[in-house]
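Colleague: Please take me through the aromatic contacts, the helices and the strands of this model, with the criteria behind each term.

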Amino acid sequence: MTDFQLLDAGQDALEQALSPKRKLVPAPVENFYKNYYVRVFAQAILTIWAVLTVTFFLVRQMPGNPIDVLIEQILTQEGISYQEAYDRVAASFNFDPDATLFDQYLDYIRDLLHLDLGTSITSPGTRIIDEIARFLPWTLFAVGSGFLISFVLGVILGMTMAYYRDSALDHAMSLVSSFFTGVPNYIWGLLIIIGPGISWNWFDVGAARGTYDPGLTPGLNAAFIGSAIEHALLPIITYVLATLGSWMLSMKSSTTSVLNDDYVNVAEARGLKDRRIITAYVGRNAMLPLFAQLSISIGFVLGSGVVIEEIFVYWGFGHYLFQAITVRDYTSVQGAVLILSSTFVFSNLFADLTYGLLDPRVRVTGEK
Amino acid sequence: MSQNLPPDVALKVDDLSIVYRTDRGEVKATANVSFALRSGEAMALIGESGSGKTTISLALIRKLPKNALITSGQILYQRNQEVQDVLKLNSRQLREFRWNECAMVFQGAQNAFNPVLKIRKQFEDTAQSHGWRDKAAVRERALSLLQLVRLDPERVYDAYPHELSGGMKQRALLALGVLLSPQVVILDEPTTALDILTQRAIIDVLNDMRRQLDFSIIFISHDLSLAAEMADHVATVYAGEIVELGGVNDVFYQSLHPYTQGLLTSVPTLEHTQDLLQSIPGSPPNLITPPVGCKFHPRCAFADDVCMEDSPPLAVDVGGHLAACWHKDRLIESRKARV
């Protein structure tokens, strides 16, 4: 071999060693993870797991311990030995208070992987999944309608402001929407109760409690549905008032910028009908940035249900979570947080995946 | 309507003046502009940036910005012996006039298409808004036009705008421009912002289109070579006025206005050497308070007392070659002396 050949051979070997083609992970696994959908789904699951883990340890750091409280109660009431009281409580809770925190955590995760949310600590025998199924639909109904109304109204009003920008109408609406954005939702709730509810007596504050009038059978009958809407009305109005302003302002600013875009100008020069320009050219493009906000807000609005539902004594998911925290019902809190964080994470994921339907520029293509 | 136009005139602009109302005062963007465009003819509006070329063309389809005000003049449009007064169209008539009769291909086609709709949808939108609902027929016409502008018709028709390059978008916009067989197509800087090869392709495409389809062109450019290549007539615009108007050879080889002459000598040619290049001294005038007399006099080598007092009329010269200058003779003399 000449020197050059030697040099070449050495270089080949070096290149082979450094070549990115050498895989540490088998190809199918790597390709599987390269798949966009697999990747974002895995990230979502990881996020939820992280939230659950933090929650698990945090709730146990809260002052007040339901087990000690109960043992104490039994001790003083029945005068039995500490060990007896302890055993009774342990048996009725179906959990071993002696296990280390970490073992409890492993138990919790194992149950979760079997899709078992466990039972409530403070009311033994009540399955958490049943409780959530009982409370969650009410919140979804109230938050969902409030959210939808607020979004649609905000988009329409925001576009109107942009079309009439710098007019008296725009200035008045800007002022109102800034005010709406500035006032927090719990203040809106209190204002509604104090103003129309108590001072002006437009409705009976007491009768507005709960999710439907007592004595009605839940089902597809007019009386029940009417009553359900009536009871949800105040929370819905509160959600709308608290979020409408920011939708209006966002829509106004994005519409204003879209109106200056060349393609809108060209669309007018093309002699397109106004309605077509407003919907497909201005509206659709102006809504793109709002759509990204939408998914984030869904999570926040669901979370804000805790305060709003307490104010109106609306027995929904937020009320359930609040009660669970109050009595330090660890397992129920964990169950509720699981639902809350999953909603948040998956609504974001859903927005990510569907954004491409609205904006072809970010569409994820199979190849390339 | 009662106006009569010679049968071969497609568009006639009379004494058009436009001001922009701004905080600093009224900008006299266009003053007493008159010209006529024959059907099938290509006319170039040349001049510096800010000279009012775009304002004139926007007025033709009434697409001026909100702060613009047309202070005088009329725009007459004729097709099949029917005359319309463009400035008097109501909003429905105007919408139908746009693109059907007069299409405008805007400067910078990069953002001319709605980014969230396929090219196909945007062709269909245009057709539908003008009462043409047969999608199959629209498709057939669109594909043949895309073919004409040398694009791969099937691929481009089903593409989103972001999937096309700048030159492709410009050509797709040209195809869209003639979709409804307009009589007049306005091209605002059709080749600006494109690389030199793409510019060449656009010019070839435009020439093809003119050969195969029957329409008049008004194009706006500061690219004199493009004007020389494409135009039948050339109008030089300075400070909102047409200062010279004539056949392309007349204007380019026997210019009668010092400003046009200045533009021509500031462009390199293949024949002349670099040292003959001259720029026009000074800068365009402030259009809020334009100079009295001839607006070009502060920058003009031939200017004297007359020029500072009286504005020269756009007087007819040999063979319909017009120029607004008091000293055409001296200009011709000086050109002879140089050669």
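The exchange below treats aromatic pairs, then a helix, the strands and a loop residue.

Modeller: This is a predicted model, in which local features need pLDDT of at least 70, side-chain atom pairs count only at pLDDT 80 or more, and totals for chains, interfaces and linings use all residues. Residues are numbered from 1 along each chain as its sequence is written, chains are lettered from A and ligands numbered from 1 in the order in which they are written, and side-chain values use heavy atoms, with hydrogens and water left out.

Colleague: How many aromatic pairs does the structure hold over all chains?

Modeller: Rings of Phe, Tyr and Trp (its six-membered ring) pair if their centres lie within 6.5 Å; planes under 30 degrees apart count as stacked, over 60 as edge-to-face and the rest as tilted. Over all chains, the number of aromatic pairs is 21.

Colleague: Which parts of chain A does the pair of A:Phe135 and A:Tyr320 tie together?

Modeller: The two rings are stacked, at 5.2 Å centre to centre and 20 degrees between the planes. Helices (H or I, at least four residues) and strands (E, at least two) are DSSP runs, numbered from the N terminus. Because A:Phe135 and A:Tyr320 lie in different elements, the pair ties together parts 185 residues apart in sequence, namely helix α7 (residues 128–163) and helix α13 (residues 317–326).

Colleague: Is the pair of A:Phe147 and A:Trp247 stacked or edge-to-face?

Modeller: A:Phe147 belongs to helix α7 of chain A and A:Trp247 to helix α10 (residues 222–259) of chain A, 100 residues apart. The ring centres of A:Phe147 and A:Trp247 are 6.2 Å apart and the planes stand at 80 degrees, so the pair is edge-to-face.

Colleague: What is the relative accessibility of A:Trp247?

Modeller: Buried means under 20% relative accessible area, exposed over 50%, and partly exposed in between (1.4 Å probe, protein chains only). A:Phe147 is buried, with a relative accessible area of 11%. A:Trp247 also counts as buried, its relative accessibility being 2%.

Colleague: What arc do the buried residues of α2(B) cover around the axis?

Modeller: In helix α2 (residues 91–100) of chain B, the buried residues include B:Leu94, B:Phe97 and B:Trp99. The buried residues are on the same side of α2(B), because the arc (taken from the directions from the helix axis to the C-beta atoms) is only 165 degrees.

Colleague: Which strands stand at the edges of the open sheet in chain B?

Modeller: Two strands pair if DSSP finds at least two bridges between them. The open sheet has four strands in the order β2-β1-β4-β5 (chain B), with antiparallel pairing. Each edge strand has a single partner strand, so one side of each is left without a neighbour in the sheet; these strands are β2 (25–38) and β5 (82–85).

Colleague: Which residue in β7(B) stands opposite B:Met104?

Modeller: B:Cys102 and B:Met104 point one way from strand β6 (residues 102–105) of chain B, B:Ala103 and B:Val105 the other way, and all are buried. Four bridges join β6(B) to the parallel strand β7 (residues 184–188) of chain B. Opposite B:Met104 in β7(B) stands B:Ile186.

Colleague: Where is B:His257 placed?

Modeller: B:His257 counts as buried, at 1% relative accessibility. A polar atom of the B:His257 side chain lies 3.0 Å from the backbone nitrogen of B:Tyr259. The place of B:His257 is in the loop between α9 (248–253) and α10 (258–265) of chain B.

Note on methods:
A polar contact is a pair of N or O atoms within 3.5 Å; within protein, one must be able to donate a hydrogen and the other to accept it, and residues adjacent in sequence count only if both atoms are side-chain atoms.
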